[in-house]
Amino acid sequence: MSNEQQQPVFSIEKVYVRDLSVEIPNAPRIYLERETPEVNIQLHSKSERIDETLYEVVLTTTVTAKVKDKTMFLVEIQQGGVFQIRHVPEAEMELVLGIACPNILFPYLREAVSDTVTRAGFHPVILNPVNFEALYYQRKQQAENSAAPQAPETQQITH
């Protein structure tokens, strides 16, 4: 094999919103609320091999805003991406799929959340930057410390 064939290849084939849902269970009365809502954000990622060189990575976030016991809105978005990855050592694939791909998808997810919440009639929710490398290593450390199977990578943020 020539060196060119063995060089690592990484390319973004497609970035897309895989699923999007908005719920405003207490509309229209909830728009009359003047209190600042408590916003809870959950984020997780997963990856799946599509074929020999293509992988899908999906970042999912659920944003819930509540005032007292009333839900203002609930937004769930799955931001997907298809990536071509070739000639990457198997030991490094987990890093690419767990860190590099989510880092590429996050700005798209962030924009989709802000836009969706605004279109629903509320002040935008801007997701804070996420350190996917730290999350990856935190999850890996938890897996090593526990014999139980781990859930998908999840981060919960409350504002």
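**Entry 1. Largest pocket**

I take a pocket to be an open set of grid points, on a 1 Å grid over the protein atoms alone, where a 1.4 Å probe fits and protein lies on both sides within 12 Å along at least five of seven lines. The model I searched in this way is a predicted one. I looked up the volume of the largest pocket and found about 340 Å³. I then listed its lining, which comprises 18 residues. Pro 37, Met 72, Phe 73, Phe 122 and His 123 are the lining residues that lie nearest the centre of this pocket. Sorted by class, the lining holds eleven nonpolar, four polar and three charged residues.

**Entry 2. Chain layout**

I next noted the secondary structure. The chain has three helices and five strands. Followed along the sequence, these elements come in the order α-β-β-β-β-α-α-β.

I also recorded the totals for the chain. Of its 159 residues, 35% are buried. The chain exposes about 9800 Å², and carbon and sulfur atoms supply 48% of that area. Among contacts with a separation of 6 or more, 69% are between residues 24 or more positions apart.

**Entry 3. Aromatic pairs**

How many aromatic pairs does the structure hold? I found five. One of them joins Phe 10 and Phe 83, whose ring centres are 5.6 Å apart. Their planes meet at 25°, and since planes under 30 degrees apart count as stacked, I entered this pair as stacked.

I located both partners. Phe 10 belongs to strand β1 (residues 9-23) and Phe 83 to strand β4 (residues 70-86), so the pair ties together parts that are 73 residues apart in sequence. Are the two rings' residues buried or exposed? Phe 10 is partly exposed, with a relative accessible area of 36%. Phe 83 is buried, at 0%.

I then turned to Phe 106 and Phe 132. The centres of their rings are 5.9 Å apart and the planes stand at 65°, so I recorded the pair as edge-to-face. Phe 106 sits in helix α2 and Phe 132 in helix α3 (residues 132-145), so this pair ties together parts that are 26 residues apart in sequence. Phe 106 counts as buried because its relative accessibility is 8%, and buried means under 20%. Phe 132, at 1% relative accessibility, counts as buried as well.

I noted a cluster besides: ring pairs link Tyr 31, Phe 73 and Phe 122. Phe 73 and Phe 122 had already appeared in my first entry, among the residues nearest the centre of the largest pocket.

**Entry 4. Ser 114 and Ala 120**

I looked up Ser 114 and placed it in helix α2 (residues 90-119). Why does Ser 114 count as buried? Its relative accessible area is 15%, and the cut-off for buried is under 20%. With neighbours within four places in sequence left aside, Ser 114 is in contact with Pro 124, Val 125 and Ile 126.

Ala 120 lies in the loop between α2 and α3. I found Ala 120 to be buried, at 12% relative accessibility. Which residues does Ala 120 touch, not counting those up to four places away in sequence? I listed Val 22, Ile 24 and Tyr 31; Tyr 31 is also a member of the ring cluster in the previous entry. I checked one distance as well: the C-alpha atoms of Ala 120 and Val 75 are separated by 9.5 Å, although the two residues are 45 residues apart along the chain.

**Entry 5. Backbone in the loops**

I closed with the backbone. A cis peptide bond joins Ala 27 and Pro 28, with omega about 0°. I placed Pro 28 in the loop between β1 and β2 (38-49).

Lys 68 is not a glycine, yet its phi is positive, near 55°. I found Lys 68 in the loop between β3 (54-67) and β4. Lys 68 is exposed because its relative accessible area is 66%, and exposed means over 50%.

His 87 also has a positive phi without being a glycine, in this case about 60°. The loop that holds His 87 runs between β4 and α2. I entered His 87 as partly exposed, at 38% relative accessibility.

Methods. Residues numbered from 1 in each chain as written. Predicted model: local features only at pLDDT ≥ 70, side-chain atom pairs only at ≥ 80, totals over all residues. Heavy atoms only, no water. 1 Å grid on protein atoms, 1.4 Å probe; cavity = no way out; pocket = protein on both sides within 12 Å on 5 of 7 lines; lining within 4 Å. Points joined across faces, edges and corners; volume = space filled by probe spheres on them. Nonpolar A, V, L, I, M, F, W, Y, C, P; charged D, E, K, R; others polar. Helix = DSSP H or I, 4+ residues; strand = E, 2+ residues; numbered from the N terminus. Buried < 20%, exposed > 50% of the residue type's maximum accessible area, 1.4 Å probe, protein only. Contact = heavy atoms within 4.5 Å. Areas by Shrake-Rupley, 256 points an atom, 1.4 Å probe, with all protein chains shown as cover. Phe/Tyr/Trp six-rings, centres within 6.5 Å; stacked < 30°, edge-to-face > 60°.
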